[in-house]
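Trainee: Could you take one small part of this model and walk me through it slowly? I'd like to see how the charged side chains fit in with the helices and strands around them.

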Amino acid sequence: MGDQVKVHKKLYKSGKMWVAAALVAGGALLAVPQSADASVGPMIFPNTHWTVGNTSVSLQQDGKYDTFQYAGSRMYLSIYNQKTYKTTGSKYINVTFSNVASRTDANGHKVYVQRGYVTVAGKKVAVYRGVTKGYNGKLVVINGQMTTTKPNIKTLSALAYKQGAYYDATDRSGQWRLNESTLTVKASAKNATIYNSYNGGVASKLTGFAGKTYRSYSYVYGKSPAVYANAVGKYYTPIAKGKWQLEAYYGLTYKTGNVYKYALVPSSKLVLKTSKTVAKESVNTTMSYMQSQAASYAKAATSMVSYVSSAVKNGEHPASYGAWADSYTSYANSLTGKNTDYTYAVSMAKKNGQNISSYTKAISASKTQTTTAVSKVKSLLANAKKYPVTIRYMYANGKSAGADVKKSLYYADRLNFTIPAKAGYFTVVKYNNQLDLSTQKNTVYFNYTKGASTMDIIYLPTTNGLYKKVDVKLPTSNGVYSRGGIGQTNNTITTVASAGSQGYLWYGATKSDAYRAEIEAETGFASVMSDAATNSYMSYTATQRSQFKSLASSASNQAKKTQSAYSSYVTSSQAAWESQYNVSSSHSSVASSSVASSASVKPSSSSSAVSSSSVTSSSVSSSSVASSSVTSSSSVASSSASDSSAVTSQWLNDLNALRAKERTPLTADMVANKNGVGSDEGKSLAALTQDAELTKWAQTRAEELAAQGSISHTNMKNGAPTWAVNGDQVDGGLFASPDYVMGSYINGPEALASWSGSTQNPISMWASELQDGSQGYGHYLTEVSPLANKVGFGYAKTANGTTIAVMEIGYHK
């Protein structure tokens, strides 16, 4: 839809002049050029700026709409730190100005140079302004300018000061007067000095502008003519000692060589001559443009019908198209509304006997087509399918904690809900396999299920060791926020929040799950706090960073303690099991191996997905081996270099064979229905080359995961090359790929797998998602990423023989 919502304004810059080369839908002047200076004209506030070290200072005179250029003393001071990119110390101050020079200009007006002083960052700076008495007798700033350089009193003239008002934004009379006219410089004014706003207010003569005929820019709409004019507005200008007159001003432009010359000229120095030929050309240009605009709105609205019809048939409800459809109706109606260029063109055509019926009929027909299409869009949306959503309130044991709430929602509708508080409990929300703390105000849920769905509001007791929330008082509310995801087996949620609310939480269905969840939460929190303590892109104070570092250390130490407690728990559980079933240690080893082998019939795996708009570096999920197979003595069982090379070489060949062949195309909708992101066109892709840095990274990850005894994307940053890390986001450099489309998701850079027993091929394991769609096709889409050009593999074994495989993809020139 983005390419259908057109901004009906084209701007191009010539020198210092911005030229508006089209109509703004709903009613701007027809092709009225606006200069950078003239567009603000008398509306600017006197201002200046300077720099002290890394500090940029700006000073602007304060005032209301009707006092913008009066020479007052109240100023607005703004201080901007160029190093931290933050504005600090902004405030109103009073500056006392005194006269330091004066003269009487050629028109008999008294002009003065005034000076005041401002001290910022220990530096005292002189500020100057030129002043004179305005048309109403009040002291005004000449040309609305202040400067830190003393102006030359000899060149300071009241002639350079204009006071008045533009034509009203909805009044096109001035422009349309020019649309039927030509302008020439009076012979008597050829050598006159005029104010030129385009060269910083330096006065210049009209000699270069004489001898040319100027017409409205609109008669050659969309082009850049060599000579043209535009109506600017009415101003009071000085004519004699202490006297001013209100007159219209026009902007004159002509091209000499490759340079444009500009001047603002009062009508008293110009000859304005009406012409039917000029008027008819302006009318034709206007109506032709209106016709094209009306046709484009009709075309866009009609194309929406096709899209919405297809979406509704697919069970969706693109509600935003209803609002967009209304906007096209509004745009179409605004073309011919009151006080528009259309009405002025029709009026001028009537006055000159010009037949424009072909234009008016075509515009009317397009408006009717737009209205019909919009009605169709709304009808389709109103008849879209709705889906039942049940909100269940329950305790952790599955018992009801309140009556179910039934809702009927369109696809992509927002799901609103309430959570009644219960003493002794906190809550998590589970929806579409995603867990969130219910207290997070920025969590919004939408119904992206084409069928019945359920949201569970789960009440967790604060006294049960399986569920725990840790509140951390953070030293700032500025931007410290990160959230991990849920493991597929242990329902883990980890959260870091700002403003001193919740710090982190763990949630496990069993004691073993709870331990693993706690370790993940603590290490995740430590990682976020460590980043906040050291990153360069946030403007935290030294005190805050010190507190972040302390929190990171505390959480990291707690994670080690939890790991130790978990190892002890596993050991004691194993001993209790052996005692209960009277199994000796030697037999236990065989039994444990057998259990691990049978449990790995369906190999477990885990993948990460990075969003271009996400703050977190990955969506963390973990899949671990059975607790009975994990011991406190887990360690890496290394392989020989030759074995490793042979194995990873085969994986590389298999991966590139997969990428080279034609595959089953996956649409983004198919992936989204499996709670994933991305898409794959199924086309043959270029082979990846094995990269030494990615291989080193992958091996580092494999060895630390083997030591850990389970797979998880936590600490994915460990061992990564610098080009694979972007701030706190680990993206493998994929966002730098020339094939990356801004705003889209990427899959990768990491894919993990683990297995026990017979040898498995992780390439095939991940590719099997093509058939079953497990985990949102995340691993498979990582394998066939069109953004990558390099890959690295690593593998290691835990002490009990479980193999850990790691693949890291990336893009690097």
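Mentor: Start with Lys 351 and Glu 180, whose side chains meet in a salt bridge at 2.9 Å, N to O. The term stands for a side-chain nitrogen of Lys or Arg within 4 Å of a carboxyl oxygen of Asp or Glu. Lys 351 sits in helix α4 and Glu 180 in the loop between α1 and β13, so the pair ties together parts that are 171 residues apart in sequence. Helices here are DSSP runs of H or I with at least four residues, strands are E runs of at least two, and both are numbered from the N terminus. Keep in mind that this is a predicted model: local features need pLDDT of at least 70, side-chain atom pairs count only at pLDDT 80 or more, and totals for chains, interfaces and linings use all residues. Residues are numbered from 1 along each chain as its sequence is written, and side-chain values use heavy atoms, with hydrogens and water left out.

The two partners sit in contrasting settings. Lys 351 is exposed, at a relative accessible area of 54%, while Glu 180 is buried at 14%. The cut-offs are under 20% for buried and over 50% for exposed, with partly exposed in between, using a 1.4 Å probe and protein chains only.

Now look at α4 itself, residues 341–351. Its buried residues are Asp 341, Tyr 342, Ala 345, Met 348 and Ala 349. Down the helix axis they fall within an arc of 130°, so they line one face of α4; the arc is taken from the directions from the helix axis to the C-beta atoms. Turned away from that side are the exposed Lys 350 and Lys 351. The cover over the buried residues of α4 includes α1 (173–179), α2 (276–313), α3 (320–335) and α5 (357–382), where contact means heavy atoms within 4.5 Å. Just after α4, Gly 353 takes a positive phi of about 65°.

From α2, follow Glu 281 to Arg 215: their side chains also form a salt bridge, at 2.2 Å, N to O. Glu 281 belongs to α2 and Arg 215 to strand β16, so this pair ties together parts 66 residues apart in sequence. Glu 281 is partly exposed at 32% relative accessibility, and Arg 215 counts as buried at 15%.

That strand leads to a little sheet. Three strands, in the order β16-β13-β20, make an open sheet with antiparallel pairing. Strands β16 (214–215) and β20 (270–274) stand at the edges with a single partner each, so one side of each has no neighbour in the sheet. Strands count as paired if DSSP finds at least two bridges between them; β13 (residues 181–185) and β20 pair over five. Within that pairing, Thr 184 has Val 271 as its bridge partner in β20.

Two of the helices covering α4 are joined by a salt bridge as well: Lys 378 and Asp 326 bring their closest N and O atoms to 2.5 Å. Lys 378 is in α5 and Asp 326 in α3, 52 residues apart. Lys 378 is partly exposed at 38%, and Asp 326 is partly exposed at 36%. Elsewhere, Arg 701, Glu 704 and Glu 750 are joined into one network by salt bridges that share partners. Across the whole structure, the search finds nine salt bridges.
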